[in-house]
Amino acid sequence: MAKTVKIYSSPTCPYCRKTKEFLTEKGVAFDDYDVTADQDALEEMKKISGSARSIPVISVDDIVMVGFDQPRLEEVLDLFR
């Protein structure tokens, strides 16, 4: 089943980099939004996360996670296999 994965991140965030590396290693395509440079992405991130100030915010279809939690992310991705 196809899934849409979005990551709201910043270039200097180590957990954002870890998230993207993890998804790349797993072969999961994702769209990356730099919330430091894209005001619309920042507003969308706040809306879907309940105004989270932490990054990364990861959206897998309608499931939203704040922060890089590898076991949780694996569990969510497995739901779509």
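## Exercises around S49 and strand β1

I48, V64 and V66 make up a nonpolar surface patch, and together their accessible area is about 190 Å². Keep in mind that this is a predicted model.

**Exercise 1.** Work out whether V64, a member of that patch, is buried, partly exposed or exposed.

*Solution.* Start by finding V64: look in strand β4, residues 63-66. Next, take its relative accessibility, 31%. Buried needs a value under 20% and exposed a value over 50%. V64 therefore counts as partly exposed.

**Exercise 2.** Describe the surroundings of S49, beginning with the helix it sits in.

*Solution.* First, S49 belongs to helix α2, which covers residues 39-49. Second, check how covered it is: the cut-off for buried is under 20%, and S49 has 17% relative accessibility, so it counts as buried. Third, follow its side chain, which comes to 2.6 Å from the backbone oxygen of M45. Last, skip the neighbours within four places in sequence, and you'll find S49 in contact with V57, V64 and V66. V64 and V66 should look familiar from the patch.

**Exercise 3.** Find the strands that pair with β1, and say in which sense each one runs.

*Solution.* Begin with strand β3 (residues 57-60): β1 pairs with it in the antiparallel sense over 4 bridges. For an example, V5 has V60 as its bridge partner in β3. Now turn to strand β2 (residues 31-34), where the pairing with β1 is parallel, again over 4 bridges. Here I7 stands opposite D32.

**Exercise 4.** Why is β1 described as largely enclosed?

*Solution.* Count along residues 5-9: 4 of the 5 are buried, so the rest of the structure largely encloses the strand.

How values were computed
Residues numbered from 1 in each chain as written. Predicted model: local features only at pLDDT ≥ 70, side-chain atom pairs only at ≥ 80, totals over all residues. Heavy atoms only, no water. Helix = DSSP H or I, 4+ residues; strand = E, 2+ residues; numbered from the N terminus. Buried < 20%, exposed > 50% of the residue type's maximum accessible area, 1.4 Å probe, protein only. Polar contact = N/O pair within 3.5 Å; in protein donor to acceptor, adjacent residues only side chain to side chain. Contact = heavy atoms within 4.5 Å. Patch = residues over 30% accessible without salt bridge, like charges linked within 9 Å, V, L, I, M, F, W, Y side chains within 5 Å. Areas by Shrake-Rupley, 256 points an atom, 1.4 Å probe, with all protein chains shown as cover. Salt bridge = Lys/Arg side-chain N within 4 Å of Asp/Glu carboxyl O. Pairing = 2+ DSSP bridges.
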